[in-house]
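Hi,

Here is the structure I promised to send over. Have a look at it first, and then read on for what turned up.

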Amino acid sequence: MQSIIHRLGFIAMLVTTAAAFDLHATEANDLTTDHTQTEPKNAAVSQQVSSESQAVIKDLNNVADIEDSQGLSEEDRQEVSALLNKLHESAAAADWTSYFSLYHPQAVFIGTDDSERWNMVEFERYAKPTKGWHYELQSRHLLQIDDTILFDEQLFSPAYGVSRGTGALVHTEQGWKIAQYHLSFPIPNEKAKRITSLIMQ
């Protein structure tokens with residue numbers, strides 16, 4: 001009798017094991033089917049995201065889509081936009097002749113360090129030994145008040161991330177010229193105390 005019980009127990013174990021194998025095989029088939037059905041969906045989503053990213057990049061390259069102007073004639077808007085774009089292009093190429101031709105002779109450049117308030121002679125002395133700097137335009141606002149155009153632009157650089165350029169242009173016999181440019185790093189309010197405490201050290 002005991003031998004029969006052992007045999008029955010062994011048979012029951014074999015049946016349970018076989019059932020478990022069948023269950024796992026079914027789950028594996030289901031997963032394979034799901035994966036096969038999901039792959040085209042993922043590819044479609046990936047393609048859609050890529051298309052949207054390219055569209056955004058294309059829009060960013062079109063200044064009209066990222067620029068807001070108030071009080072400027074269309075002619076002045078185009079001239080000032082071209083001037084500021086050329087400023088960034090010249091800096092990236094370290095073309096200092098072109099770069100400094102865009103400033104008024106009495107202009108001031110204010111950099112990110114508290115010691116960096118330079119006239120054009122001082123700024124040129126700083127810039128010329130360098131290989132330039134690259135800032136990509138993300139948005140720009142122009143505002144004309146009488147004979148002065150104020151601007152602020154949000155920029156991005158691989159080295160520093162988001163930065164902000166603000167300044168003013170004055171009209172001369174040679175057209176609009178930059179009278180002041182101020183480059184700064186905007187600090188999120190929730191991080192301001194931590195950053196300023198580091199500066200105070």
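Let me start in the middle of things: R140 and E67 are both buried. Keep in mind that this is a predicted model, so everything below is computed from predicted coordinates.

How buried are those two? R140 counts as buried because its relative accessibility is 0%. E67 counts as buried too, at 12% relative accessibility. Their side chains meet in a salt bridge, with 3.4 Å from N to O. R140 sits in strand β4 and E67 in strand β1, so this pair ties together parts of the chain that are 73 residues apart in sequence.

R140 has another acidic partner. E153 forms a salt bridge with R140, and here the closest N and O atoms are 2.8 Å apart. That pair also links distant parts of the chain, with E153 in strand β5, R140 in strand β4, and their positions 13 residues apart in sequence. E153 is buried, because its relative accessible area is 1% and the cut-off for buried is under 20%.

Now back to E67, which has its own second partner. The side chains of E67 and R77 make a salt bridge of 2.5 Å, N to O. This one connects strand β1, where E67 lies, to helix α3 (residues 74-92), where R77 lies, and the two residues are 10 apart. R77 is buried as well, with a relative accessible area of 17%.

Which residues belong to the whole network? E67, E74, R77, R140 and E153 are linked by salt bridges. A search of the whole structure finds five salt bridges.

There is a bit more around E67. Its side chain makes a polar contact of 2.5 Å with the side chain of S81. If you leave aside neighbours within four places in sequence, E67 is in contact with R77, S81, R140 and L142. E67 belongs to strand β1, which covers residues 67-70.

Next, the strands that carry these residues. β1 and β4 pair in the parallel sense, over four bridges, and D68 stands opposite H141 in β4. On to β5: how many bridges join β4 to strand β5 (residues 148-157)? There are nine, and these two strands run antiparallel. One example is E136, whose bridge partner in β5 is F156. β4 and β5 form a hairpin with two residues between them. In the turn, D146 has a positive phi of about 55 degrees, so check that spot when you have the model open. The same hairpin carries a nonpolar patch on the surface, made up of L143, I145 and L150, with about 230 Å² of accessible area together. L143 is found in strand β4 (residues 136-145), and L150 has its place in strand β5. Are L143 and L150 buried or exposed? Something in between: L143 is partly exposed, with a relative accessible area of 33%, and L150 counts as partly exposed at 36% relative accessibility.

L150 has quite a list of contacts. Not counting residues up to four places away in sequence, L150 touches H141, L142, L143, I145, G167 and A168. For A168, the C-alpha atoms are 4.4 Å apart in space, with 18 residues of separation in sequence.

Finally, the overall picture. The protein chain has six helices and seven strands. Read from the N terminus, the elements run α-α-β-α-α-β-β-α-β-β-β-β-α. The chain has 201 residues, and buried residues make up 27% of them. Among contacts with a separation of 6 or more, 48% are between residues 24 or more positions apart. The accessible surface comes to about 14000 Å², and carbon and sulfur atoms account for 55% of that.

If you only have a minute, start with R140 in strand β4, and follow its salt bridges to E67 and E153.

Cheers

Note on methods:
Residues numbered from 1 in each chain as written. Predicted model: local features only at pLDDT ≥ 70, side-chain atom pairs only at ≥ 80, totals over all residues. Heavy atoms only, no water. Patch = residues over 30% accessible without salt bridge, like charges linked within 9 Å, V, L, I, M, F, W, Y side chains within 5 Å. Areas by Shrake-Rupley, 256 points an atom, 1.4 Å probe, with all protein chains shown as cover. Salt bridge = Lys/Arg side-chain N within 4 Å of Asp/Glu carboxyl O. Buried < 20%, exposed > 50% of the residue type's maximum accessible area, 1.4 Å probe, protein only. Polar contact = N/O pair within 3.5 Å; in protein donor to acceptor, adjacent residues only side chain to side chain. Contact = heavy atoms within 4.5 Å. Pairing = 2+ DSSP bridges.
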